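Me: I should like to learn how to read the pockets of a protein model. Please guide me through the case shown here.

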Amino acid sequence: MRIGFASDIHRLVEGRRLILSGVVIPFELGEEAHSDGDVVFHAVAESILGALALGDLGKHFPDTDQKYKDMDSSIIVKEVVQMMKDRGWQINNIDVSITLEKPKLKGYIDAMRANLAGLLETSIENVSIKAGTNEHL
């Protein structure tokens, strides 16, 4: 068994979509990023890379490479999952925590879990996504 851990953070800005685990969340701000900015997909992909001792996202998907500009982050997850499978590993379970003051994510969690489970080629029962705030800190 291998365990990986990662976090990702992006500033929220006007003129971008807010995308979390492949779900577009209606909101006036979205992630500022080179790719689509999906912090859930980024953190999960990087945690898998970490568990495999393969480095970080920047090593495999550098933000200096224009081919990743505005890229759908599900592609990153798919490529990392393939690296994992090529090495004979699979997801046992995954636990994601999202910290965001607003918008509230309660109505989107199930779709987010389903998207992530599909990309990770695992059962939705193996995928936990929780959302909370920093109590306005």
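Me: What volume does the largest pocket have?

Reply: Rolling a probe the size of a water molecule over the atoms shows where empty space is left. A pocket is an open set of points on a 1 Å grid over the protein atoms alone, where a 1.4 Å probe fits, with protein on both sides within 12 Å along at least five of seven lines. Here the largest pocket has a volume (the space filled by probe spheres set on the points) of about 1100 Å³. Its lining, meaning residues with an atom within 4 Å of a point, comprises 37 residues, and Ala6, Ala43, Val44, Asp95 and Val96 are the closest to its centre. The model is predicted: local features need pLDDT of at least 70 and side-chain atom pairs 80 or more, while totals for linings use all residues. Residues are numbered from 1 along each chain, and side-chain values use heavy atoms, without hydrogens or water.

Me: Which element gives the most to the lining of the largest pocket?

Reply: Helices (H or I, at least four residues) and strands (E, at least two) are DSSP runs, numbered from the N terminus. H1 gives the most, with seven residues. Helix H1 (39-51), strand E2 (18-20) and strand E5 (94-99) each supply at least two.

Me: Which residues lie nearest the centre of the second largest pocket?

Reply: They are Ser35, His42, Leu57, Phe61 and Asp63, among 16 lining residues. This second largest pocket holds about 290 Å³ of space. H1 again gives the most to its lining, with three residues.
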